[in-house]
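Student: Got a minute to walk me through the fold of this model? I'd like to hear about sheets and helix packing.

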Amino acid sequence: MATTLSPPFIFNTPKSPPTISRPLMPLPYSYNRIKKPSLHVTNNTLNIPTSTAPFQQTDFASRFAPDKPRKGADIIVEALERQGVTTVFAYPGGASIEIHQSLTRSDIRSILPRHEQGGIFAAEGYARSSGTPGVCLVSSGPGVTNIMTGLMDAYSDSIPILAITGQVSQKLLGTDAFQETPVVEVTRYMTKHNYLVLDVDDIPRIIKEAFFLATSGRPGPVLIDIPVDVQLELAVPNWNQPCKLPSCISSLPKEPDELALRQTLKLIVESKNPVLCVGGGCLNSSEELRKFVGLTGIPVTCTTMGLGLFPCTDELCLRMVGMFGTVYANYAVNECDLLLAAGVRFNERMTSKLEDFATRAKIVHIDIDSNEIGKVKLPDVSICADAKLVFNRMNMILESKGVGFMFDFSAWREELHEQKKKYPFSYKTFGEEIPPQYAIQILNELTDDEETIISTGVGQHQMWAIQFYMYKRARQLLTSSGFGSMGFGLPAAMGAAVANPGAIVVDIDGDGSFIMNLQELAAIKAENIPVKILLINNQYLGMNVEYEDRYFEANRANSFLGDPLRKSEIFPDMLKFAEACGIPAARVTKKKDVRAAIQLMLETPGPYLLDVMVSYQEHVVPMIPYDKSFKDTILEDDGRALH
């Protein structure tokens with residue numbers, strides 16, 4: 001008999017063990033590693049409804065007559081066009097040059113990054129900021145190996161990427177030919193799915209499958225490796241081939257379980273101190289999430305990937321939880337009696353010492369990927385479904401019962417408000433020295449809107465960008481979260497600016513991270529991509545310095561980025577890199593000049609670099625040290641005081 005809700009929430013739900021899907025060991029030599037694609041399969045044949053593939057062109061006008069043979073390379077490009085692709089980040093080489101030639105006859109914008117890693121990070125920035133797949137194209141051998149960091153980065157953060165790679169001719173496969181790489185084997189565990197195309201007739205089907213797999217279920221990168229002879233072969237494409245994905249049948253995502261939803265609502269009713277924690281799995285659920293919070297009044301915290309899903313300016317927002325999160329977010333998780341975790345992975349940067357994390361709470365884990373549920377933290381209730389559907393269904397139940405008055409968490413919210421007042425983010429000022437946090441704070445004041453997009457590299461500046469910029473919407477912050485890839489910020493900003501013409505896109509970067517892909521200055525200038533770069537320059541690898549100060553008595557071990565013979569000089573001179581690429585740039589060294597300098601950066605048309613010189617002794621606080629607990633939070637700390 002179906003369980004029904006009636007005011008004041010009388011739940012007649014039978015007690016049953018939670019539905020837990022534990023991670024499965026991958027099969028040895030598995031060709032495909034697929035995370036929960038949503039499929040409609042009959043006899044191992046997938047027919048994708050148009051409604052599930054909004055990027056697919058249904059009224060496409062081909063440049064070729066229907067029965068005219070054309071090269072495989074032309075079929076590849078037309079297949080991309082039919083999927084609605086408008087931009088490709090493409091670096092040419094001998095094994096992919098045929099595809100580049102075909103792109104010259106297409107309306108697709110082909111952007112030349114100055115390094116393959118820059119290309120895939122740009123594709124990530126495109127995808128992260130727009131929610132649609134980013135596409136990159138590289139050649140074989142070193143071209144492929146140069147995108148592997150980007151593949152793993154996209155895999156870690158569940159970003160939909162299509163990477164197309166050129167490969168040596170089939171007759172040379174396995175012969176250690178020039179620039180041959182066993183792409184399928186080496187990318188197996190950093191892609192959601194990968195292909196080696198051996199038949200030109202398979203190209204239309206494979207590219208259609210690839211886009212569907214990249215975006216369905218838990219998104220991720222898909223790679224297609226295409227030998228040169230397949231690119232050259234003539235064929236008449238069949239655009240109506242059904243997709244064949246038999247390995248996906250057993251991993252279909254399901255509708256939210258009604259019993260689990262009602263168990264969750266029952267726990268909310270019984271709770272006194274609930275907290276909602278949202279992550280990257282909710283990126284497409286912001287509207288439903290905000291409505292749910294409006295109906296229940298539950299305070300919200302988030303992971304790095306979840307920043308902006310709920311506005312940082314809202315009084316119910318506790319901002320980021322975890323190692324570098326707010327004291328009050330970590331306090332809330334430590335003291336809550338119910339933790340609703342949606343689209344999060346419970347990784348160690350979120351939980352710190354796992355056995356001390358949310359020990360007072362019952363946990364509800366909502367995730368589209370069953371492998372994540374129970375993998376790290378065993379929940380009391382698990383809901384394996386799309387978070388968007390889960391929040392939408394719970395909202396419908398709540399609205400049908402008119403239950404707004406039933407929830408009173410005012411005492412809990414007041415307790416958290418006191419924590420906010422007691423432990424705000426703060427920093428110290430030393431004379432005319434520029435606090436890095438201050439520069440980001442000023443940027444936030446001057447771009448106080450939802451349209452500005454922020455990217456970051458990885459390091460201290462990344463944490464300050466998280467702490468001192470107030471994100472108001474999903475996809476406003478683009479940062480390498482799970483994999484922590486230095487060099488991400490500039491190319492990601494390039495991709496975001498291409499995907500969002502007219503938006504202000506600012507790369508908040510550190511000198512160590514920025515220099516890893518600074519060659520992309522040439523790309524943004526050549527393509528006139530209006531990326532602004534706020535460079536937090538301390539001449540050191542700041543996070544390493546922080547650890548050296550804290551744990552190694554300030555013994556420096558390859559953390560200084562300047563010239564060891566001229567330590568008092570700024571080295572390298574970032575302004576000269578910008579000048580070499582024809583990009584306007586300026587340097588600011590005093591706090592009083594920061595606001596005007598940032599204002600000038602924002603008002604200058606096109607790309608711009610602002611070099612902000614800061615102290616290397618600044619530390620990121622608050623911080624929960626690795627494998628420690630909330631009670632071990634470091635509130636005040638910097639290299640000046642320690643050494």
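Tutor: Sure, we'll go through a sheet, some helix pairs and a crossover.

Student: Any ground rules before we start?

Tutor: This is a predicted model, where local features need pLDDT of at least 70, side-chain atom pairs count only at pLDDT 80 or more, and totals for chains, interfaces and linings use all residues. Residues are numbered from 1 along each chain as its sequence is written, and side-chain values use heavy atoms, with hydrogens and water left out.

Student: OK, in what order do the six strands of the open sheet come?

Tutor: The order is S5-S4-S6-S7-S9-S8, with parallel pairing. Strands (E, at least two residues) and helices (H or I, at least four) are DSSP runs numbered from the N terminus, and two strands pair if DSSP finds at least two bridges between them.

Student: Which strands are at the edges?

Tutor: Strand S5 (109–111) and strand S8 (193–196), each pairing on one side only. From one strand to the next, the twist averages 20°.

Student: How many bridges join S4 to S5?

Tutor: Three, with S4 covering residues 87–90. Phe-89 stands opposite Ile-111 in S5.

Student: Which strands does helix H3 lie across?

Tutor: H3 (residues 116–130) lies across S4, S6 (134–138) and S7 (161–167), at about 165° to S6. Axes are lines fitted to C-alpha atoms, for helices over the stretch in contact, and angles run from 0 to 180 degrees between N-to-C directions.

Student: And at what angle do H3 and H5 pack?

Tutor: About 25°, with their axes 8 Å apart; H5 is residues 148–157. That makes H3 roughly parallel to H5, a label for angles under 35 degrees (over 145 is roughly antiparallel, 65 to 115 roughly perpendicular, the rest oblique). Their contact (heavy atoms within 4.5 Å) includes Ile-120 and Phe-121 of H3 and Leu-151 and Ala-154 of H5.

Student: Switching topic: how far apart are the axes of H15 and H16?

Tutor: 9 Å, and H15 (residues 436–446) packs on H16 (residues 460–468) at an angle of about 45°. The two helices are therefore oblique to each other.

Student: Which residues meet there?

Tutor: Pro-436, Gln-437, Ile-440, Gln-441 and Asn-444 in H15 meet His-461, Trp-464, Ala-465 and Phe-468 in H16.

Student: Last one: how many bridges join S21 to S22?

Tutor: Four, between parallel strands S21 (residues 585–588) and S22 (residues 608–613). Ala-586 stands opposite Leu-610 in S22.
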